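Hello,

Here is the structure I promised to send over. Please open it first, then read my notes below.

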Amino acid sequence: MAIKDYLRERFFPHMWCPGCGHGIVLNNMLRSIEQLGLSKNEIVMVSGIGCSSRISGYVDFHTLHTIHGRALAFATGVKLGLPELNVIVPMGDGDALAIGGNHFIHAARRNIDITAIVMNNRIYGMTGGQFSPLSGIGTMATTAPFRNIDHDFDVAELSKAAGATFVARTTTFHAKQITDIIKQAILHEGFSVVEILTQCPTYFGRKNREGSASNMMELYKKNTTPIGSQAKQENPELIERGILHEVEAPEYCNEYDKIIKAAMKGK
Amino acid sequence: MAKPKLKEHIINREWCKGCGICVHFCPKKVLELDDTDKVVAARPQDCICCKLCELRCPDLAIEVIVERQ
Amino acid sequence: MDPNIKFIQGNEVCVEAALYAGLNFFAGYPITPSTEIAEHLAQKLPEQGGKFIQMEDEIASMAAIIGASLTGKKVMTATSGPGFSLMQEALGYAIMTEIPCVIVNVMRGGPSTGLPTSVGQGDVMQARWGTHGDHGIIALTASNHQDVFSITIDAFNLAETYRTPVILLFDEVVGHMREKLVVPEPGEIPIVERLRTSVKGGVDYHPYLPREDGRLPMSDFGGVHRYNVTGLYHDMWGFPSNNPSVVQGLHRHLNDKITNNVNQISRYKEYYLEDAECILISYGSAARSALHVVQERRPRGEKLGLLELQTLWPFPYQMIKEKCENAKSIAVVELNAGQVLRAVKRAVNDPEKVFLANRIDGVFITPVDIRNMLRFVQGRGA
């Protein structure tokens, strides 16, 4: 497998549970990188804490496994430090949007050229199944034993409102689309958000009676639709997949380079 | 273009955790879990080389090798 | 006029010194009384091709400088009490991952929002133990602009030498006060550059294997060596490990690399200690008043001396013990309830002879305050 060249094979089999969607994200993210022909030395992967963040340990790039919620802030330092690097930041839903929510919106607002991947399994897996800001009303979790009364929010809408210039969504069922979208997200100059619905059969699936990993992926097939489809008009409950938002806007590091030019001239 | 022809399924039994995703989604029911809950290609002759098992494998444990044309 | 002679605020001195030391990346968040550091760097860094970024909070500021340090930059952030509290987790990360960086805390009155525009020195123990877990830490301070300049450069040099965060504990008085600074010529003060590995690409590189001299050569992100950086206990390649011997080895290393080098790290100034019967121990702005008292009393034949600490952590226990051996009394002059006092009591043979001369009301301690206190110490009554 060509993508094995990007793996730190000595740490396999990985630590994720059987059927965990995070492995599918890893699998297809590496295919994107391989298809883009990027060199391992030009990629920095920065992650935070949680099941998702362990992804950085498995890839043979420059890898920075940081603290909970702050991956994007570390990544901002890396990117501004050396803008020629490709900076990819995989995060869990809690990591990115609960403890890391502030960094998330501000990285989006700056439109710094970072690829943020939100691996959304709607649960805190590493700590054993607590509800996250994306679990949504009515779900069950160890910290919502009766039912969850916390509202969720739409990552894509939030990202757009905060200033992200590339926003896309797909699921682990749609593996080829993961590869395709991450490729475009990496190529996009600016802050890119890719939300990937990824199953946690161990906690979310079990607590919410969604069955096996395969069954949870069947639900992704059933409950999502390509953006702009007829199906969405007939059933507004469907979650849209694809590139939801893409605009061009000044990128932070480029803008800072202009500041440096002006400042050095003025001196 | 000729249809791709299967050479073999390379299955990494060390990495496979037996989640059954590849078995479930294989359109031709080529794959099965064996007694030790590891995937095996039970009916390789039926494989159409769609590679969905390879792309959806969370353990990066299965690879579909196609004959060179 | 000589352009190297300046009349500026302490915060601006810190900026001049940081640039002299090679600072080329700063991330920060506005907070009184440190804000001028960010303001001046926003202007000066891009003029020299460096980078300044204003982050969304102090947590992000600390995170950003760590990230930038890994790309080979010399980095700094600056804050004050509440912001320093927010930085503690990422500070621990920099300790664990051994990433050079400098954190300036211009101390104000605390706890909480406290006294934003008033002086305090209440963060001494937080600098030592603010982040969780056992660890070694370096914290430096200074009382006047010329020393702020040299100690700031020291902070960068020590950060590179020991691959560790270094805290500069200045205070509001030093930060906002204006006095003369003579900027040294380039090269006058030696600068420690980043030690990078000589291991070639394709050859196994161990980012966390100390050389014989204890130093760990680094490799910048984007270079030929791809390794892992994690806040988990890790092996010599940077990969997570909970192997007890690996854990114990790293735990020891993180503490020992600082505590075993206390003599190399320790900086202090002494005034009239040889025959001093009463020794004042002080640091930061408080040491200015202490020095004033000593210089005023000496001509009158009073055997008063001053030991001004510039390295607060690792605490120079042995040095203090030796310097104070013959003193009849010791007064620690500081702007808190006795944080360095406690450490001094642990250092000396007779803790009963150590007294506190302090102010905790947000007002700068004056020579009069110290003299009043000395009357008690010297048994001359109120």
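Of the 2 pairs of chains that touch, chains A and C share the most contacts. Chains B and C do not touch each other: no contact joins them. Their closest C-alpha atoms are 20 Å apart. Please keep in mind that this is a predicted model.

**Where A meets B**

The contact between chain A and chain B involves 29 residues of chain A and 19 residues of chain B. Together the two chains bury about 2,000 Å². Carbon and sulfur atoms account for 62% of that area.

How many salt bridges does the rule find across the interface of chain A and chain B? It finds 1. The partners are A:R31 and B:E54. Their closest N and O atoms sit 3.2 Å apart. That distance counts as a salt bridge because the cut-off is 4 Å between a side-chain nitrogen of Lys or Arg and a carboxyl oxygen of Asp or Glu. Polar contacts come to 10 residue pairs across this interface, with both residues at pLDDT 80 or more.

Which elements of chain A give two or more residues to the side that touches chain B? They are helix 1 (22-36), helix 6 (175-187) and helix 8 (213-223). Helix 1 gives the most, with 6 residues. By residue type, the side of chain A that touches chain B splits into 16 nonpolar, 8 polar and 5 charged.

**Chain C on its own**

Chain C has 13 helices and 16 strands. Its C-alpha atoms fill a box of roughly 75 × 50 × 40 Å along the principal axes. Does the radius of gyration of chain C agree or disagree with that of a compact globule? It agrees: for 382 residues such a globule would come near 21 Å, and chain C has 21 Å. Buried residues make up 60% of the chain.

Sequence separation is worth a look too. Take the contacts in chain C between residues at least 6 apart in sequence. Of these, 75% join residues at least 24 apart.

**Backbone points to check**

Two cis peptide bonds come first.

- In chain A, the bond from A:F12 to A:P13 is cis, with omega near 0 degrees. A:P13 belongs to the segment before helix 1 of chain A.
- In chain C, the bond joining C:T32 and C:P33 is cis, with omega about 5 degrees. C:P33 falls in the loop between strand 2 (25-28) and helix 2 (35-47) of chain C.

Next come two residues with positive phi.

- A:N111 is not a glycine, yet its phi is positive, at about 55 degrees. This residue is in the loop between helix 4 (101-110) and strand 4 (114-120) of chain A.
- B:K29 also is not a glycine and has a positive phi, near 55 degrees. Its place is the loop between helix 1 (21-25) and strand 2 (31-33) of chain B.

Are these two residues buried or exposed? A:N111 has 3% relative accessibility, so it counts as buried, the limit being under 20%. B:K29 has 46% relative accessibility, so it counts as partly exposed; exposed would need over 50%.

If you want one place to start, try the salt bridge between B:E54 and A:R31. Then go to the loop that holds A:N111.

Best wishes

Key
Residues numbered from 1 in each chain as written. Chains lettered and ligands numbered in written order. Predicted model: local features only at pLDDT ≥ 70, side-chain atom pairs only at ≥ 80, totals over all residues. Heavy atoms only, no water. Contact = heavy atoms within 4.5 Å. Buried area = accessible area lost by both parts, 1.4 Å probe. Polar contact = N/O pair within 3.5 Å; in protein donor to acceptor, adjacent residues only side chain to side chain. Helix = DSSP H or I, 4+ residues; strand = E, 2+ residues; numbered from the N terminus. Nonpolar A, V, L, I, M, F, W, Y, C, P; charged D, E, K, R; others polar. Rg over C-alpha atoms; globule rule 2.2 N^0.38 Å. Buried < 20%, exposed > 50% of the residue type's maximum accessible area, 1.4 Å probe, protein only.
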